[in-house]
Amino acid sequence: MGKYKAILFDMDGTLLPMDMHKFTSGYFKFLAVKLAPFGISAEKLVPAIWDGTGAMVKNDGSVTNDVMFWKRFEEVTGIPAATGIKDVCDDFYSNEFMQAKQFTEENPLAVEAVRLAHKAAPIVALATNPIFPMCGQRSRMGWVGLSESDFDLVTSYETDSFCKPNPNYFTSVCERLGVKPEECLMVGNDEGEDMYAASLAGIKDCYLVTDTMIENPKHPWNGPRGTFAELIELLKGLSE
């Protein structure tokens with residue numbers, strides 16, 4: 001690996017260790033309580049969220065992901081965003097969502113990884129799947145001691161029009177950062193959504209974090225990999 005103009009980090013399972021199923025099933029229960037006044041039961045809320053997420057994943061770039069999500073959410077639940085439910089959700093992700101930290105793990109090396117990345121490259125971005133509002137991204141960053149100011153770009157559902165594993169997501173990130181894909185290093189834990197999708201976008205240098213790795217039998221990653229601690233050593237070498 002050579003020097004880079006940008007280093008991109010995934011969040012869930014990479015900077016923030018977690019079992020995604022445990023995390024989502026846990027925090028959905030808190031969200032159901034928050035949205036109960038709108039008359040939507042937990043049994044209806046969960047499939048509505050997954051339907052909305054699916055719509056974002058299929059987004060063709062014509063609108064931002066939040067527009068896609070709320071359009072589908074309204075179709076499934078019959079509750080229009082105009083009722084104020086979107087604002088209530090934003091409030092949730094800034095407040096009650098904090099309780100969901102219990103469904104994740106600690107990563108005392110996250111801050112060090114980002115610090116070293118800034119020494120190794122002029123641009124550092126949080127290339128986390130933009131299916132959360134920015135307030136939710138900020139909350140999750142905070143769980144590992146990071147903030148929005150630690151990155152030159154943080155993707156969210158308000159700012160992005162593609163999602164992983166669409167390679168256009170990574171193309172869009174590179175365009176906004178003003179770098180070529182081949183000038184980037186992508187760090188993630190998912191063989192499909194991070195490694196394969198990024199490589200399809202032209203990001204040939206990717207590092208697979210194995211601590212909470214998500215395998216993809218159709219697209220196994222044969223490139224560089226290692227634990228988060230080993231990633232730290234890689235970043236130290238790049239920053240020298």
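In the predicted model, strand 2, which spans residues 123-126, is covered on both of its faces, with Ile-123 and Ala-125 buried on one side and Val-124 and Leu-126 buried on the other. Strand 1, residues 6-9, is likewise covered on both faces, and here the buried residues are Ala-6 and Leu-8 on one side and Ile-7 and Phe-9 on the other. This division into two sets follows from a general property of the fold element, since in a regular strand the side chains alternate between the two faces of the sheet. Strand 5, residues 205-209, is mostly covered, four of its five residues being buried.

These strands belong to an open sheet of six strands, arranged in the order 3-2-1-4-5-6 and paired in the parallel sense. Strand 3 and strand 6, the latter comprising residues 225-226, stand at the edges of this sheet, and because each has a single partner strand, one side of each is left without a neighbour in the sheet. Strand 1 and strand 2 pair in parallel over four bridges, and in this pairing Ala-6 is placed opposite Ile-123 of strand 2. On the way to one edge, strand 2 pairs with strand 3, residues 153-154, again in the parallel sense but over two bridges, with Leu-126 standing opposite Val-154 of strand 3. In the other direction, strand 1 runs parallel to strand 4, residues 184-188, to which it is joined by four bridges, and Phe-9 stands opposite Val-187 of strand 4. Strand 4 is in turn joined by four bridges to strand 5, the two running parallel, and Val-187 stands opposite Tyr-207 of strand 5.

The packing around the sheet can be described in terms of two nonpolar cores. The largest nonpolar core has 58 residues, and Phe-9, Leu-15 and Phe-151 are those with the most contacts inside it. When residues up to four places away in sequence are set aside, Phe-151 touches Phe-9 and Leu-15 themselves, together with Val-114, Val-124, Ala-125, Leu-126, Met-141 and Leu-146. Apart from this core lies another, of 23 residues, which includes Ile-123, Ala-125, Leu-177 and Met-186. Ile-123 and Ala-125, members of this second core, are also the residues buried on one side of strand 2.

The largest pocket encloses about 620 Å³ of space. Its lining consists of 34 residues, and Met-20, Trp-50, Thr-53, Ile-131 and Phe-132 lie nearest its centre. By residue class, the lining of the largest pocket divides into 21 nonpolar, seven polar and six charged residues. Several helices contribute to this lining, with at least two residues supplied by each of helix 1 (20-35), helix 2 (42-57), helix 3 (65-77), helix 4 (85-94) and helix 8 (191-200).

Among the residues nearest the centre of the largest pocket, Thr-53 is located in helix 2. Its relative accessibility is 13%, and Thr-53 therefore counts as buried. Beyond its neighbours within four places in sequence, Thr-53 is in contact with Phe-69 and Ile-131, and Ile-131 is itself one of the residues nearest the centre of the largest pocket.

Asp-12 is found in the loop that lies between strand 1 and helix 1. With a relative accessibility of 12%, Asp-12 also falls among the residues that count as buried. Not counting residues up to four places away in sequence, Asp-12 touches Met-18, Met-20, Phe-132, Arg-140 and Asn-189, and of these Met-20 and Phe-132 are listed with the residues nearest the centre of the largest pocket. Although Asp-12 and Asp-190 are 178 residues apart in sequence, their C-alpha atoms are 9.6 Å apart in space.

Ser-25, which lies in helix 1, has a relative accessibility of 31% and so counts as partly exposed. Ser-25 and Leu-146 are separated by 121 residues in sequence and by 24 Å in space, C-alpha to C-alpha, while Leu-146 is one of the residues touched by Phe-151.

A further local feature concerns the backbone. Lys-164 and Pro-165 are joined by a cis peptide bond with omega of about 10°, and Pro-165 is found in the loop between strand 3 and helix 7, residues 167-177.

Key
Residues numbered from 1 in each chain as written. Predicted model: local features only at pLDDT ≥ 70, side-chain atom pairs only at ≥ 80, totals over all residues. Heavy atoms only, no water. Core = buried A, V, L, I, M, F, W, Y, C linked by side-chain atoms within 4.5 Å. Buried < 20%, exposed > 50% of the residue type's maximum accessible area, 1.4 Å probe, protein only. Contact = heavy atoms within 4.5 Å. Pairing = 2+ DSSP bridges. 1 Å grid on protein atoms, 1.4 Å probe; cavity = no way out; pocket = protein on both sides within 12 Å on 5 of 7 lines; lining within 4 Å. Points joined across faces, edges and corners; volume = space filled by probe spheres on them. Nonpolar A, V, L, I, M, F, W, Y, C, P; charged D, E, K, R; others polar.
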